[in-house]
Amino acid sequence: MSGNGNGKRAQEQEEAGPSSACGIDGGKQKMTEKPSDAFHDGKEEDEEPEEEEEEEEEAFHNSNNDVFVPAPLVSLKEQIERDKEDESLRRWKEKLLGCLESDLDGQLDPEVKFHSIGILSEDFGEIVTPLPVDENRNGRSLFTLREGSRYQLKLKFSVLHNIVSGLMYSNTVWKGGLQVDQSKGMLGTFAPQKEPYVYALKEDTTPSGALARGVYSAKLKFEDDDRRCHMELKYLFEIKKSS
């Protein structure tokens with residue numbers, strides 16, 4: 001009888017032992033535990049300077065694991081002249097590039113020139129601001145929105161000299177010196193053409209409530225696959241009470 005009891009206890013310890021000894025339950029709890037509530041009152045966010053994000057991003061791009069290495073740049077003029085004897089390919093390139101052969105200068109690096117930034121909102125329709133922003137508007141809100149309203153940023157830009165690959169944006173928003181939002185997205189790859197491109201970023205909704213009202217600062221940044229910064233725009237906007 002005692003032998004069977006000892007065997008049963010040993011079996012129970014063997015079954016329960018690995019879970020409690022390795023702390024699996026506790027480990028899972030720590031791994032899934034949310035950040036401290038200090039993030040919501042701004043303390044944690046205030047302790048993370050932008051330099052740390054830039055260092056992490058730099059480390060990612062410099063990592064030896066799964067690094068994307070863009071192909072060497074070739075001038076647009078050279079790309080057009082390649083396979084020129086192939087009539088169908090030549091016509092396809094002309095259609096893609098808008099017959100820009102006379103405007104080609106052989107420059108390798110692409111350039112994105114931003115003409116304007118607009119705001120599309122259900123509150124007032126559309127407001128367009130020419131770029132670069134007039135110095136007289138420094139320190140003033142670029143636009144004002146109501147709380148809980150939907151809006152989109154709309155851009156008008158031209159691509160010069162060469163094809164720009166993987167144009168992407170990031171929009172970071174602060175209030176009272178604390179980061180409250182960040183959005184990122186891919187616009188795509190664009191070839192030079194005679195007419196400017198018009199592109200609307202994804203729709204967003206302003207927050208609601210007394211704490212959401214006030215003036216915000218933001219930074220809109222555009223980079224390509226080669227991490228060329230084509231524009232960095234710092235601006236202000238305001239959220240008011242919904243009437």
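F190 is a good place to begin in this predicted model: with a relative accessibility of 10%, F190 falls under the 20% limit and therefore counts as buried. Its ring has a partner in Y197, which is also counted as buried because its relative accessibility is 17%. The centres of the F190 and Y197 rings lie 4.8 Å apart, and their planes meet at 70 degrees, so this pair is called edge-to-face. Picture the edge of one ring pointing at the flat side of the other, and you have the idea.

Follow the rings outward from there. F190 and Y197 belong to a cluster, linked by ring pairs, that also takes in F114, F157, Y169 and F222. How many aromatic pairs are there in the structure? The count comes to ten. One of them is formed by F143 and F237, and this pair is stacked, with 5.3 Å from centre to centre and 15 degrees between the planes. Try finding these two residues in the sequence and then in the 3D view. F143 sits in strand β3 and F237 in strand β10, 94 residues apart, so the pair links distant parts of the chain. Are these two rings buried or exposed? F143 is buried at a relative accessible area of 6%, and F237 is buried too, at 5%.

Now look again at F157, a member of the ring cluster. Setting aside the residues within four places of it in sequence, F157 is in contact with V112, K113, F114, H115, L167, L187, F190, P196, Y197 and Y199. F190 and Y197, our starting pair, are on that list. F157 also belongs to the largest nonpolar core, which has 31 residues. Within this core, F157, L220, F222 and Y235 are the residues with the most contacts. Which elements give two or more residues to the core? They are β1 (111-121), β3 (141-146), β4 (150-160), β5 (164-175), β6 (178-190), β9 (214-223) and β10 (229-240). There is a general pattern to keep in mind here: in soluble globular proteins, nonpolar side chains tend to be buried together.

Strand β10 offers another residue to visit, L233. L233 counts as buried because its relative accessibility is 8%. Leaving out residues up to four places away in sequence, L233 touches I117, L131, V133, A218, K219 and L220. A218 is 15 residues from L233 along the chain, and the C-alpha atoms of the two are separated by 8.2 Å.

Next, look for empty space. Rolling a probe the size of a water molecule over the atoms shows where such space is left. The structure holds two cavities of 30 Å³ or more. The largest has a volume of about 180 Å³, and 16 residues line it. Of these, Y151, L153, N171, S183 and D204 lie nearest its centre. Strands β3, β4, β5, β6 and β10 are the elements that each give two or more residues to this lining. By class, the lining has nine nonpolar, three polar and four charged residues.

The second largest cavity has a volume of about 30 Å³. Its lining is made of I117, G118, I119, I127, T129, L142, F143 and L153, so you meet F143 of the stacked pair again, a residue that is buried at 6%. The elements giving two or more residues here are β1, β2 (125-130) and β3, with the largest share, three residues, coming from β1. Which classes of residue make up this lining? Six are nonpolar and two are polar, while none is charged.

Finally, turn to some details of the backbone. Most residues other than glycine have a negative phi, and most peptide bonds are trans. The bond from L131 to P132 is cis, with omega near 0 degrees, and P132 is placed in the loop between β2 and β3. H161, in the loop between β4 and β5, has a positive phi near 75 degrees. R227 is not a glycine either, yet has a positive phi of about 65 degrees; its place is in the loop between β9 and β10. How exposed are these two residues? H161 is partly exposed, with a relative accessible area of 21%, and R227 is partly exposed at 30%.

Technical notes: Residues numbered from 1 in each chain as written. Predicted model: local features only at pLDDT ≥ 70, side-chain atom pairs only at ≥ 80, totals over all residues. Heavy atoms only, no water. Core = buried A, V, L, I, M, F, W, Y, C linked by side-chain atoms within 4.5 Å. Buried < 20%, exposed > 50% of the residue type's maximum accessible area, 1.4 Å probe, protein only. Helix = DSSP H or I, 4+ residues; strand = E, 2+ residues; numbered from the N terminus. Contact = heavy atoms within 4.5 Å. 1 Å grid on protein atoms, 1.4 Å probe; cavity = no way out; pocket = protein on both sides within 12 Å on 5 of 7 lines; lining within 4 Å. Points joined across faces, edges and corners; volume = space filled by probe spheres on them. Nonpolar A, V, L, I, M, F, W, Y, C, P; charged D, E, K, R; others polar. Phe/Tyr/Trp six-rings, centres within 6.5 Å; stacked < 30°, edge-to-face > 60°.
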